[in-house]
Amino acid sequence: MQRVIFDFDVVSPYAYLAFERLPAALEGLSHHVEYQPLLFAGLLKHWGNTAPVAVAPKKAWLFRQCAWIAQQEGIAFRPPTPHPFNPLALLRLLVASVPAGGQPNRRVVADAIAPVRDPASREVKDELQARTAAAAAAGVFGVPSFRLDDGQLFWGTDSMAMLADAMRRKQGA
């Protein structure tokens, strides 16, 4: 069984689309997905980059493209307003939904969350920062990203077919 680390931030509409599309993209492959919430802004800062929505034409394109992808695939897409928004409270809630060092599962990410730890605690804040730093150290530069145990990194919703292909080749080896 292959492990896939899915790095995401709830602020990213592309991460939302990837979350919805991932089960179909990996269908037929023996795998386990670890959902890794992290702070996209932290990655941007680490790599000296700016948010795509900071560039007005890019923001318009991003939402137009996401709406089109969602419509093509029958995915409900209702971006929050305003956007961007501060995702820290939601990310900390995800981290707090599992014991320290644990990974939230798909249901926790999708549904109402019952925290087992205080989302406002220093422990949870530090853990979210550590998750972001670990992802950056592994070469993650954007969300959504997918990582395999051999270090291969795949970025963006359009990389999921490439991810699945790499996993098929690995299973056949």
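# Exercises on a sheet, its helices and two pockets

Strands β1 and β3 run antiparallel and are joined by 4 bridges. The model is predicted: local features need pLDDT of at least 70 and side-chain atom pairs count only at pLDDT 80 or more, while totals for chains, interfaces and linings use all residues. Residues are numbered from 1 along each chain as its sequence is written, and side-chain values use heavy atoms, with hydrogens and water left out.

## Exercise 1: The sheet

Task: Determine the order of the strands in the open sheet, and explain why one side of β2 and of β4 is left without a neighbour.

Solution.
- Step 1. Terms come before the reading: helices (H or I, at least four residues) and strands (E, at least two) are DSSP runs, numbered from the N terminus. Two strands pair if DSSP finds at least two bridges between them.
- Step 2. The open sheet has 4 strands in the order β2-β1-β3-β4, and its pairing is mixed.
- Step 3. Because β2 (31–37) and β4 (153–155) stand at the edges with a single partner strand each, one side of each has no neighbour in the sheet.
- Step 4. On average, neighbouring strands are turned by 20° against each other, direction ignored. For such angles, axes are lines fitted to C-alpha atoms, for helices over the stretch in contact, and angles run from 0 to 180 degrees between N-to-C directions.

## Exercise 2: Strand pairs

Task: State in which sense β1 and β2 pair, and which residues stand opposite Phe8, Val4 and Ser145.

Solution.
- Step 1. Strand β1 (residues 2–8) pairs with β2 in the parallel sense over 7 bridges; Phe8 stands opposite Pro37 in β2.
- Step 2. Val4 has Leu148 in β3 as its bridge partner.
- Step 3. β3 and β4 run antiparallel, joined by 3 bridges, and Ser145 stands opposite Trp155 in β4.
- Step 4. The hairpin of β3 and β4 has 4 residues between the strands, and Gly151 takes a positive phi near 95° there.

## Exercise 3: Helices and burial

Task: Identify the strands that α1 and α6 lie across, and the buried residues of β3 and α4.

Solution.
- Step 1. Helix α1 lies across β1, β2 and β3 (145–148), at about 155° to β1.
- Step 2. Helix α6 (residues 122–137) lies across β1, β2 and β3, at about 120° to β2.
- Step 3. Buried means under 20% relative accessible area, exposed over 50%, partly exposed in between (1.4 Å probe, protein chains only). In β3, Ser145 and Arg147 are buried on one side, and Phe146 and Leu148 on the other, so that both faces are covered.
- Step 4. Leu91, Leu94, Val95 and Ala96 are buried in α4. The buried residues of α4 pack against β1, β2, α5 and α6, where contact means heavy atoms within 4.5 Å.

## Exercise 4: The largest pocket

Task: Describe the volume and lining of the largest pocket.

Solution.
- Step 1. On a 1 Å grid over the protein atoms alone, a pocket is an open set of points where a 1.4 Å probe fits, with protein on both sides within 12 Å along at least five of seven lines; lining residues have an atom within 4 Å of a point. Grid points are joined across faces, edges and corners, and a volume is the space filled by probe spheres set on the points.
- Step 2. The largest pocket holds about 700 Å³ of space.
- Step 3. Its lining has 34 residues, and Ser12, Phe40, Pro52, Leu62 and Val143 lie nearest its centre.
- Step 4. Helix α3 gives the most to this lining, with 5 residues.
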